[in-house]
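Here is a short briefing on cysteines and strand order. Keep the sequence and the structure open while reading.

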Amino acid sequence: MPAQTQKVYAVVPVELPWAAMSFGQSCDTVQVALPTWFHFARDQGAVEVIGVSQETRAPLLEHVERTSGLRIMPIVRLDASISRALSSGERPDQVARAFDVFIERVSGADYVEGFCLEASSLTSAGVDIFGSLVQQMATVLRTQGLRSCVKLPSTVPDSFLVLANRFFDTVIVNGYREYWIGSAPQPLADTGWFAQHIAFLKEHVAPEKLVVELGVHSVDWVSGRPRPETQPFAQTMSALADAGASAEFVRAAGHSQAQYLDEKGLQHRVWMLDAASVQNQILMLQKSDVGSIGLSGLGYEDPGIWAVLDQTTRGVALSDESLRQIVLSEYVEHLGQGPFVAPLSMPQLGLRQVVTDNVTQAVTAMTYLETPKASAVRLYGAGEPNKVVLTFDDGPHPEHTARTLEILQETKTPGSFFVLGNNAVKFPDLVKRILKEGHELGSHTYTHPNMGAVSASRATVEINSTQLLLNGLTGKNMRLYREPYMRSGGPITSREVASLLPLEEAGYVIAGMNVVPRDWVAQTADGLADEIIRQVQSNAGGVVLLHDGGGDQSQTVAALPRVISELRAQGYEFTSLADVLGVSPDMLMPEGNRVTATFGSMSFLAVGNGWSLLQIAFWSVFAIGVLRATALLVLTARHKRHVSPSPRHKPSVTIVIPAYNEGRVIEHCIRRALYTEYADFDIIVVDDGSTDDTYEKAISFAYHPLVTVLRQPNRGKAAALNAALDECQSEVLICIDADSQIAPNAVSLLTPHFSDPQIGAVAGRVVVGNRDSLLTRLQALEYITAQAVERRAKDYLNAITVVPGAIGAWRATALMEAGIFSSETLTEDADMTMAMIRTDYRVVYEDRAIATTEAPASLKGLMTQRLRWSLGMMQAGWKHSGAMIERRSLGRVALPDLAVFGYLMPLIAPLADLFLVILLVEFVTNFGTVKQEYADIITNPLIVAYLALPALEVMSAVVAFKLDPKEDRRLLLLLPAQRVFYRQMLYISVIRALWRAATGSLASWGRMTRAGFQFDQAKLT
């Protein structure tokens, strides 16, 4: 992307709490931020510079830290009293001295390259006052090595511009009209006026100093109100959407206007400076060689201006599509008043059609097809004047909460406690005490995350686990909820609204606050008490946010007695949130379900006895692992290959190759299948709606008399297999995957088994062909041990759960009897295998029939494949759970083994590993401090038991390689990596599958990116 040809300044108004959020959408097109952090004020006759709180500055500073090249030049404004005094002829020396003191105090601040004087109010003071003041201020900044800047209105006289140009490094002038009381609705910066204004500014300000500030706001003239209102684009659009009206682009003016009647019948006439006006004005500035532009106020803008700046200031032609969609995500409509929040709606997408001139790139037309609307919340619960509610977050804490409860009891003052689950589980007695002593209890999540930044599933766990815990401890449901990091005044972004909507739908009462003394910042008890009292007086009561946890809250506790006594003396009444809302306490804390409460208590007991649970998990893993490994080895030793009663049986065979987007491998797969050494066979390829060149490559084999190519819309692998079944006339179907390469002798080894009428299917052996990385070698090792031991053991019991899709032979009539392939699961081969066994057929394993396959070469590909397999096996197991009462080994052995080892084991095995880690850490930590030796850890029965499992795995692997003697024994060296790394990846896939199943989010059969491979099958045959 080309570099920007124009430097961009942006005002960040503190009156809009969401202003700094615009930087997240800005595409890093802003180089200088101009926050309105400071103003001159008169205190008892003395002039001083006062700044906003550090908390107010934090959002911008956090963005600056993350963004290279963004600097800050804070704006310093004059309050009304000083402006009036200067306009009345008072000398500016006192103001200049105050500025000098201020700069001495703040110079050297990170990211600040200078300061900017907002001088709009000085134009009425006269040129002499202006000149004297700006000369002194510019000198102060220059002395400190800081850049100087002045900001002027569009109506500034030329004499002021001359002085500004002389003394300041940067001169910012509004590129829009400022309208005052009594003005008529009219364009804010029509094209003709803007062109003349630029020419006027260029006559008096050097081009390297001049910054023309473009308006990005709307101005609303309301009937019956003399003063027009400046408002954000999002507010205007939301009002238009509510009124069923739309904005209209006025080409002569170069920006948009709108008219509508509100719900009170008042007429609104609005002019908007939007993405179209910014585009046209930037083009005019470029034509006039003005190198820097400004934005009148972040938080007011049409979000489309960022696409304009990202393209037009880089000399790139504006894409009409980049302005088409409008999402008002950084603004929230607040309806009503009060500390309680009820989210109403999420943003509605807006659409517009923009037409630009092919030559000049100027916007010539813009039509709003759908008017966008911002998120909305209802604020309520303002309550009666002079009522105060003390609320406490982040507890309970053994010291601060206990002392707070004592003070509240001594002063007979009610309180509301929003507790964290991870603290409540540590101090359950304090939770019960809060309710016992008559206070309100609410949820503050479990671990205090930023709920707008976590996933929906994490948010659900945070809320539900806290509710379950509190219900278990108290027997009550907690409808009161306060979000961590919640803002006074309500949410300001759609992300914050989104995190609250599920809680509103679930029936929670979302409690905010309107008195925020910031007790998490270090301050004295008296200073904190003064601030609480001041805000309560200013607000005539309110909900006070305090903390009894989350840090050292001793000063908060110490401030409470004075706050309570002084406010009571002033006539304030301390009450509860229920009283403010006018509801009964039982409405906010109703009795809970006894079953749920019991479960919550048990959960709490489990958490409180976590170490014991770790021990139980460890011994469960040990028992399951040892019993299963031993059983598999015994059954494998007893296994004998199925012997065909008629070895020369040669049924007709169809090799079926279902394919979806397998263009890179399909030709090789078909070619290898044609090498089959068997008399009576044909091949059917089914393209399942591929979007690549799979069909074109497959149809190139249509000339061959043994190959039939079918094509169908994408309906899944099961449907593709059924299409082949419907087409073929053979007695046996041998299904292979498109990424597989079947050995020439595989068919002749598979088919003789079908001379036994009890055989319904035969599973071949799958070998990983692309063994060119650690990950694929680990998969090769897994395939070898799983097939050589586990499949032989299950063959002995007629309990094979899956005939692999890479190479599996099926009796055609048995497929019909079992109900053909089903799309009800993601693993149709496992589903059919279980169905066939339940139809009283036998499924056997033929280890000599080999197909090589391409295993996933990336971790992402592996995780995706195993997620689908885990989900599919879970579905198939559940579908055939009825087999457990049918007296077959499938139901008595295979399905319980799938449930326990396939799904329970991955859940508890990590706990066993954690248990071992804790033991080792404890040993290392205590070594030398207590009497113990290395022999103690080596002979520890827990360590011995833990090491027994890998020993059995090694034994199983050795047996597997003995049964498959032509396999590469060097793979055995990877057993440690398999245990430490690979096994954990498989566990994660199973856990993901369980979570997907629990949340109803499944997966498609999909595909893997194929690279192709070469593997000599002769080495294994």
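**Cysteines and the central sheet**

With sulfur atoms within 2.5 Å taken as the cut-off, the count comes to one disulfide. The model is predicted. The bond joins two strands of an open, eleven-stranded sheet.

**The disulfide**

- Cys-116 and Cys-149 form the bond, with their sulfur atoms 2.3 Å apart.
- Cys-116 sits in strand 7 (residues 114-118) and Cys-149 in strand 8 (residues 147-152), so the pair ties together parts that are 33 residues apart in sequence.
- The S-S torsion is about -40°, so this disulfide is left-handed.
- Cys-116 and Cys-149 are both buried.

**Cysteines without a bond**

- Why does Cys-669 not bond to Cys-735? The sulfur of Cys-735 is the closest cysteine sulfur to that of Cys-669, but it is 12 Å away, too far for a bond.
- Cys-669 is buried, at 1% relative accessible area.
- For Cys-735, the closest cysteine sulfur is in Cys-728, at 9.0 Å, again too far for a bond.
- Cys-735 also counts as buried, with 6% relative accessibility.

**The sheet as a whole**

- The strand order is 4-3-6-7-8-9-10-16-1-2-5, with mixed pairing.
- Strand 4 (46-51) and strand 5 (71-72) stand at the edges with a single partner each, so one side of each has no neighbour in the sheet.
- Helix 3 (residues 93-106) packs on the sheet and touches strand 3 (38-43), strand 4, strand 6 (75-78) and strand 7.
- The direction of helix 3 makes about 40° with that of strand 4.
- Strand 1 (residues 7-12) and strand 2 (residues 32-35) run parallel, joined by four bridges.
- Within that pair, Val-12 stands opposite Pro-35.

**Around strand 8**

- Is strand 8 largely enclosed or largely open? Five of its six residues are buried, so strand 8 is largely enclosed by the rest of the structure.
- Strand 7 runs parallel to strand 8, with five bridges between them.
- Leu-117 faces Val-150 of strand 8 across this pairing.
- From strand 7, the chain passes through helix 4 (residues 127-143) to reach strand 8, in a right-handed β-α-β crossover.
- Strand 8 also pairs in the parallel sense with strand 9 (residues 170-174), over four bridges.
- Here Lys-151 stands opposite Ile-172 of strand 9.
- Helix 5 (residues 158-167) carries the chain from strand 8 to strand 9, and this β-α-β crossover is right-handed.

Definitions and conventions
Residues are numbered from 1 along each chain as its sequence is written. This is a predicted model: local features need pLDDT of at least 70, side-chain atom pairs count only at pLDDT 80 or more; totals for chains, interfaces and linings use all residues. Side-chain values use heavy atoms; hydrogens and water are left out. Buried means under 20% relative accessible area, exposed over 50%, partly exposed in between (1.4 Å probe, protein chains only). Two strands pair if DSSP finds at least two bridges between them. Contact means heavy atoms within 4.5 Å. Axes are lines fitted to C-alpha atoms, for helices over the stretch in contact, and angles run from 0 to 180 degrees between N-to-C directions. A crossover is right-handed if, with the strands pointing away from the viewer, the path from the first strand over the helix to the second runs clockwise.
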